[in-house]
Amino acid sequence: MPRMIIKSALSRILLFIMMKKNVERLGRILLVLVGLLGIVVNVHGNVGAYNDSPYKTFNKDHYTYIYSTDWENYLDWVIDFNERLRQHYQDTFGYRLDEKTALSLTSNHNQVANAYATMMPYSQTVFFFGAAESIDEFSVRSWVADLLIHESSHLYQLNAKHGLSKIGHAIFGNTIPGNLPVPIATSPLFILPLPFLTHPNVLLPTWLLEGNGVFNESRFGNGGRLFSGASRALFYSLLKAGLLDETRLTNNGLYFPFTTEKYIIGGYFNLYLAERFGTQTLNRMFWAHAIHYFNPLRLNSTFKNHFGVSYSDLIGDFINSHKQTAAHHAVESGEILFTSMRATPLNRIGDSIVFLSAGDGRDDAELVVLNTEGKIVRSQKTGLPPGKIFWHDHKLKSAATGRVQRKYIHASLFTEHGQDTPEFDSKLVQDMDRKNGTLYYKMTEGFHAPVLYHDETKIAEAHSSAILSHDGEAIYFRQFKDERTCFKGKRPLFSLPGFYGAPMDVGPEGEIYFTGATAYGSGLFVWRSGRIFRLGFSDAVYSAKKLQNERYLLVEFTPQGYEYKLATLSRKEETPVKYQYFFENEAGRNLFDGLLNDNVREQSSAPSYSVASSEVSNYSMLGNLRFSSWVLRHQMGDKNGNFQADFYFVDPMGYNQFVLNYENDTEKIEQIINTDYRVTRWLLNFGFALEYQQLEKSRELPTTLRDNTLLVELPISYNFLDWQRWKMDIEFRPGYWQTLKNKLGRDYPSLYESLIAYKRDRAFLGFYPMRAFSAELENSQDFLSRGTENTLAFTTKGTYHLGAQFYIMAELSMAQTDSPYLEIGHELRDERPLVPAKSVRGIKDPGENVLYGLRSGAMLKTVIDSNWQGRVFPLGLRRWSPGIFGNYFSTNTISATAPEQHFFQTGVTLEAELLLAHSFPVPIEISYIEQVSAMQDRPRNSELQVNLKSSF
């Protein structure tokens with residue numbers, strides 16, 4: 001499960017800064033950039049799917065349980081499990097959670113193998129039930145137990161706080177970075193925002209947080225990734241290659257296997273610390289570190305004070321403790337066909353073996369077809385989503401999860417264009433052929449483990465992927481305590497010690513090939529006539545298929561990616577091993593006795609705690625709207641600058657959100673108060689926005705325009721098309737604008753409409769989309785007493801990957817209006833241009849009835865991976881992207897105060913993906929624009945723009 005996602009910090013901050021060689025302004029810019037950590041804008045998405053099934057809620061002590069009616073029969077079990085875990089974690093982490101926590105069990109419309117814990121908008125854990133997609137990876141008995149143990153550990157890691165953090169949390173709520181206004185006695189009075197972290201542990205390195213979750217998930221007899229041979233293979237492969245050091249482990253770099261290594265190697269590091277210092281001492285490290293609310297990156301200080309040994313020394317000791325063992329990790333020799341940054345399952349279709357190779361992860365995947373001799377029959381680029389490939393309805397399709405009906409994330413068979421196959425809705429296909437039918441996991445069933453079906457016949461709960469035998473029976477593994485048993489249909493065939501193993505292939509005589517744990521990773525084994533043999537000596541097997549004779553196609557873990565390899569394997573009698581750890585003798589291993597049974601029906605009835613129906617209520621999104629946080633901001637200026645305060649309210653499911661903002665600009669002498677309420681539970685999104693502006697004393701506006709104003713809007717949006725990766729949205733914003741003191745005597749209704757179509761194809765490691773296109777049509781109407789003023793705009797943007805990380809980007813914007821003002825080259829709702837541009841406000845000439853403007857722009861960019869990271873310095877550079885661009889402008893204005901009719905701009909841009917605090921990628925773009933006038937007597941005009949593009 002991914003670590004907590006900070007969805008809110010620095011979200012959609014667009015910082016356009018105009019610099020014309022003004023030293024004073026440059027100084028202010030630097031102060032703004034330094035103060036960015038104190039800025040938070042909350043943006044929360046739905047926890048559930050659009051138009052989701054009903055939810056209910058139950059309150060007990062410090063928890064609010066929110067659950068889909070799909071899982072109503074399991075509520076007692078979850079509460080009993082969570083109560084035992086909460087008591088245990090309070091003891092081992094050394095403190096109680098200081099706020100009420102929401103625990104959400106989402107419906108079976110979110111069929112993704114995922115979960116998360118977060119402190120934003122408040123303490124919350126969310127679980128999705130798509131275990132089948134990752135069932136081989138996790139090596140567990142109960143999927144939901146694994147989620148609860150892992151994600152609850154994050155709550156205790158992240159909730160810890162002392163001193164100013166605790167005070168700040170009481171004042172500001174659950175904003176991650178906070179600031180307290182410190183007045184300084186100058187004239188005029190200067191306010192300095194003092195930044196601090198309300199949740200300091202949020203900035204701990206990913207490998208410590210997720211590694212601790214992996215360690216804890218493995219402690220209670222439920223299995224976990226420390227019992228996975230694949231996990232050990234990754235660890236030993238990287239260690240043997242000498243790639244693990246403090247810098248790499250501390251930073252979220254772009255090295256294979258990316259964040260997966262943070263979970264796995266972090267899990268082994270936490271295991272090392274627990275074995276050396278004790279489990280309780282390990283878990284209480286997070287409480288010890290929470291004193292660093294000013295500088296949360298002081299790891300050496302925490303480790304020295306808590307463990308008596310520095311962070312750097314413990315990493316060195318940890319690596320050295322495994323070096324000798326990792327030296328025995330082996331791989332097969334053979335012909336390497338492909339190297340891929342992502343591995344997907346192999347499948348046999350007739351006499352061919354078919355799979356997807358992701359290559360370097362920065363372009364389209366390749367569809368590869370091999371014959372039984374291992375020769376490449378076909379290799380071509382494809383848009384199929386990652387998954388196991390099948391031949392259905394005269395097409396190759398991928399068994400994966402994706403968006404269906406515009407509302408849900410369901411399993412199905414998907415085409416190259418992302419279209420689902422309705423007859424396979426909510427079925428994650430494992431195997432299929434004409435003779436033997438279809439083997440699949442039914443994703444609308446299965447709480448602890450996915451439920452396997454053969455056509456319409458239910459087989460059993462299973463704990464591994466599954467394949468069909470030659471005579472049409474299901475081959476799969478089930479977990480019974482700490483033993484893994486292979487079944488054929490409903491008959492057990494053989495058992496393995498431990499929690500790891502998955503079927504790979506069936507031989508011509510009915511022998512079963514499977515992966516199993518070795519002392520140094522993951523190996524390939526075969527069960528034949530009641531005996532188990534090991535094939536070859538590789539400890540790095542991810543998956544495999546049998547070819548002719550004794551030849552095999554292997555997919556192996558390597559330090560640089562997955563290798564697809566042809567190898568001839570010898571056979572010796574050897575069984576998989578069982579990993580054993582010190583914590584298996586601790587009393588905590590028996591914490592969930594009576595709950596972790598080996599039969600799903602027993603698990604649903606085992607709890608001693610029972611919830612009465614009278615204690616349960618239907619979930620109300622408005623009734624559960626809760627205060628999340630408020631943020632205070634201050635920007636320095638000549639006369640105290642700008643003060644802002646934002647207040648955020650949201651319900652645990654993210655269905656409705658309310659934001660209140662206050663802004664006081666003491667330089668312009670302007671005040672603004674606005675509120676925004678949104679409901680996003682359904683495909684039809686709607687809301688209410690109200691803005692009051694006090695402008696009667698404004699220094700910026702002409703005297704004739706100074707008045708207080710009120711604006712009311714009712715935003716409504718709807719996604720009405722999702723077809724072959726194309727999406728179309730429509731938005732309406734009816735509103736009313738009024739001057740309050742009638743100095744202007746203006747009040748009028750208004751209407752804004754937009755229609756946008758867009759498509760985006762992105763490689764999982766690509767900095768930019770491989771292909772992206774959008775087209776937006778906008779119309780804004782003001783219904784004035786003298787007649788309607790209408791503005792119509794059309795904008796289209798596109799990106800195309802030329803190969804080798806070179807991209808071409810282009811944009812076209814056209815607009816016309818009969819109002820006095822037009823921003824040439826900007827969308828009406830202030831969207832940022834794809835190609836950097838210095839837009840110009842057009843002023844209508846009295847002789848013109850309609851003012852129009854056009855801008856076209858193009859840009860060529862390349863991406864250079866640098867992956868530079870500091871061991872201590874908290875700012876890295878993962879990759880950077882230089883580019884050149886040009887824009888052409890045209891307008892029909894002929895006013896002397898307006899821009900000329902034709903002019904163009906050229907410029908250079910540099911975008912960098914910074915790595916902030918070792919963990920959070922933050923793209924920032926700097927663009928220099930030179931404007932060249934078509935009129936010879938007008939001077940050139942230059943501009944420098946700094947744009948903080950996205951969020952971490």
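Here is a friendly conversation about a predicted model, taken one feature at a time.

Student: How many salt bridges does a search of the whole structure find?
Tutor: Think of a salt bridge as a Lys or Arg side-chain nitrogen within 4 Å of a carboxyl oxygen of Asp or Glu. A search of the whole structure for such pairs gives a total of 42.

Student: Which helices are linked by the salt bridge between Arg276 and Asp317?
Tutor: Let's begin with the contact itself: the side chains of Arg276 and Asp317 meet at 3.2 Å, N to O. The two residues are 41 residues apart, so we look up each one in turn, given that helices are DSSP runs numbered from the N terminus. Arg276 sits in residues 259-277 and Asp317 in residues 311-326, which are helices α9 and α13.

Student: Is Arg276 buried, partly exposed or exposed, and what about Asp317?
Tutor: Buried means under 20% relative accessible area and exposed means over 50%, with partly exposed in between. Arg276 has 39%, and Asp317 has 31%. Both values fall in the middle range, so Arg276 and Asp317 are partly exposed.

Student: Which strands are tied together by Arg478 and Glu461?
Tutor: Arg478 and Glu461 form a salt bridge, with their closest N and O atoms 3.7 Å apart. The pair ties together parts that are 17 residues apart in sequence, because Arg478 lies in residues 474-480 and Glu461 in residues 457-461, which are strands β21 and β19.

Student: Are Arg478 and Glu461 buried or exposed?
Tutor: The cut-off for buried is under 20% relative accessible area. Arg478 comes in at 12%, and Glu461 at 10%. Each value is below the cut-off, so Arg478 and Glu461 are both buried.

Student: How far does helix α9 reach from its first C-alpha to its last?
Tutor: We can start from an expectation: α9 has 19 residues, and at 1.5 Å a residue the expected span is 27 Å. Most of this helix is covered, with 14 of its 19 residues buried. The reach in the model is close to the expected one, at 26 Å.

Student: Which residue just after α9 takes a positive phi?
Tutor: Helix α9 covers residues 259-277. Just after α9, a positive phi of about 105° is found at Gly278.

Student: Which residues have the most contacts inside the largest nonpolar core?
Tutor: In soluble globular proteins, nonpolar side chains tend to be buried together. Here the largest nonpolar core has 116 residues. Leu553 touches residues including Leu337, Phe355 and Tyr564, leaving aside those up to four places away in sequence. The residues with the most contacts inside the core are Phe269 and Leu553.

Student: Which strand gives the largest share of the nonpolar patch on the surface?
Tutor: The patch includes Trp682, Phe720 and Leu777, and its residues have about 790 Å² of accessible area together. Both β37 and β39 supply at least two residues of the patch. The largest share is 3 residues, and it comes from β39.

Student: What is the C-alpha separation of Asn300 and Asp313?
Tutor: Asn300 is in helix α12, residues 299-307, and it touches Ser310, Tyr311 and Ser312, not counting residues up to four places away in sequence. Asp313 is 13 residues from Asn300 along the chain, and their C-alpha atoms are separated by 9.3 Å.

Methods: Residues are numbered from 1 along each chain as its sequence is written. This is a predicted model: local features need pLDDT of at least 70, side-chain atom pairs count only at pLDDT 80 or more; totals for chains, interfaces and linings use all residues. Side-chain values use heavy atoms; hydrogens and water are left out. Helices (H or I, at least four residues) and strands (E, at least two) are DSSP runs, numbered from the N terminus. Buried means under 20% relative accessible area, exposed over 50%, partly exposed in between (1.4 Å probe, protein chains only). The expected span of a helix is 1.5 Å times one less than its number of residues. Patches are made of residues with over 30% relative accessible area and no salt bridge: like charges are joined within 9 Å, nonpolar side chains (Val, Leu, Ile, Met, Phe, Trp, Tyr) within 5 Å. Accessible areas come from the Shrake-Rupley method with a 1.4 Å probe; for residues, only the protein chains shown count as cover. A nonpolar core is a set of buried Ala, Val, Leu, Ile, Met, Phe, Trp, Tyr and Cys residues joined through side-chain atoms within 4.5 Å. Contact means heavy atoms within 4.5 Å.
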